[in-house]
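The following exercises concern a single protein chain. Please work through each task before reading its solution.

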Amino acid sequence: MVAHSARNRFSGLVSRVIRDTVMAQVEIQSGPHRFVSLLSREAADELGLEPGVLAVAAIKATNVFIEIPGGR
């Protein structure tokens, strides 16, 4: 990749891929962090996403989430 706009990039291994006819759920383990992304099955197939593949989770946040410390 030559240029990108996402500032938060996490390299890791694909740990799980669940595909259906239209969508795919992809999990990436990057150190202690686990990222889950939903994308088209076509995109997941074109990228060759399978468990064990090295991938990068590029995060560009456009939402703010509210959390309660300590949970419930």
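Two residues are in contact when heavy atoms of the two lie within 4.5 Å. With this rule, among contacts in the chain between residues at least 6 apart in sequence, 44% join residues at least 24 apart. The model is predicted.

**Exercise 1. The chain as a whole**

Task: State how many helices and strands the chain has, and in which pattern they follow one another.

Solution.
Step 1. The secondary structure comprises 1 helix and 4 strands.
Step 2. Along the sequence, these elements appear in the pattern β-β-β-α-β.
Step 3. The chain has 72 residues, and 21% of them count as buried.
Step 4. About 5,800 Å² of the chain is exposed, and carbon and sulfur atoms supply 56% of this area.

**Exercise 2. An aromatic pair**

Task: Determine whether the pair formed by the rings of F10 and F35 is stacked, edge-to-face or tilted.

Solution.
Step 1. A pair of aromatic rings is described by the distance of the centres and the angle of the planes.
Step 2. Ring centres must lie within 6.5 Å for a pair; planes under 30 degrees apart count as stacked, those over 60 as edge-to-face, and the rest as tilted.
Step 3. The count for this structure is 1 aromatic pair. The ring centres of F10 and F35 are 4.7 Å apart and the planes stand at 35 degrees, so the pair is tilted.
Step 4. The pair links distant parts of the chain: F10 belongs to strand β1 (residues 8-19) and F35 to strand β3 (residues 33-40), 25 residues apart.

Task: Classify F10 and F35 as buried, partly exposed or exposed.

Solution.
Step 1. A residue is buried under 20% relative accessible area, exposed over 50%, and partly exposed in between.
Step 2. F10 has a relative accessible area of 27%, so F10 is partly exposed.
Step 3. F35 has a relative accessible area of 19%, so F35 is buried.

**Exercise 3. The salt bridges of E27**

Task: Name the residues with which E27 forms salt bridges, and say whether E27 is buried or exposed.

Solution.
Step 1. Side chains of opposite charge can pair when their charged atoms come close. The structure has 5 salt bridges by count.
Step 2. One of these joins E27 and R16, with an N to O distance of 3.8 Å. E27 lies in strand β2 and R16 in strand β1, so this pair ties together parts that are 11 residues apart in sequence.
Step 3. E27 also forms a salt bridge with R34, in which the closest N and O atoms are 3.3 Å apart. The side chains of E27 and R34 are likewise joined by a polar contact of 3.3 Å.
Step 4. The relative accessibility of E27 is 8%, so E27 counts as buried. R16 is partly exposed at 44%, whereas R34 counts as exposed at 52%.
Step 5. With its neighbours within four places in sequence left aside, E27 is in contact with L13, V14, S15, R16, R34, F35 and V36. This list includes both salt-bridge partners, R16 and R34, and also F35.

**Exercise 4. A salt bridge within the helix**

Task: Explain where the salt bridge between D45 and R41 lies, and which network includes these residues.

Solution.
Step 1. The closest N and O atoms of D45 and R41 are 3.3 Å apart in their salt bridge.
Step 2. Both residues lie in helix α1 (residues 41-47), 4 residues apart, which is about one turn of the helix.
Step 3. Salt bridges that share partners join R19, R41, D45 and E50 into one network.
Step 4. D45 has a relative accessibility of 40% and therefore counts as partly exposed; R41, at 31%, is also partly exposed.

**Exercise 5. The loop between β1 and β2**

Task: Describe the places and the exposure of D20 and V22, and identify the surface patch that includes V22.

Solution.
Step 1. D20 lies in the loop between β1 and β2, and V22 is placed in this loop as well.
Step 2. At 42% relative accessibility, D20 is partly exposed. V22 has 53%, so V22 counts as exposed.
Step 3. The side chain of D20 reaches the backbone nitrogen of V22 at 2.8 Å.
Step 4. D20 and S40 are 20 residues apart along the chain, and their C-alpha atoms are separated by 9.3 Å.
Step 5. V22, M23 and L38 make a nonpolar surface patch of about 300 Å².

Terms used:
Residues numbered from 1 in each chain as written. Predicted model: local features only at pLDDT ≥ 70, side-chain atom pairs only at ≥ 80, totals over all residues. Heavy atoms only, no water. Phe/Tyr/Trp six-rings, centres within 6.5 Å; stacked < 30°, edge-to-face > 60°. Helix = DSSP H or I, 4+ residues; strand = E, 2+ residues; numbered from the N terminus. Buried < 20%, exposed > 50% of the residue type's maximum accessible area, 1.4 Å probe, protein only. Patch = residues over 30% accessible without salt bridge, like charges linked within 9 Å, V, L, I, M, F, W, Y side chains within 5 Å. Areas by Shrake-Rupley, 256 points an atom, 1.4 Å probe, with all protein chains shown as cover. Salt bridge = Lys/Arg side-chain N within 4 Å of Asp/Glu carboxyl O. Polar contact = N/O pair within 3.5 Å; in protein donor to acceptor, adjacent residues only side chain to side chain.
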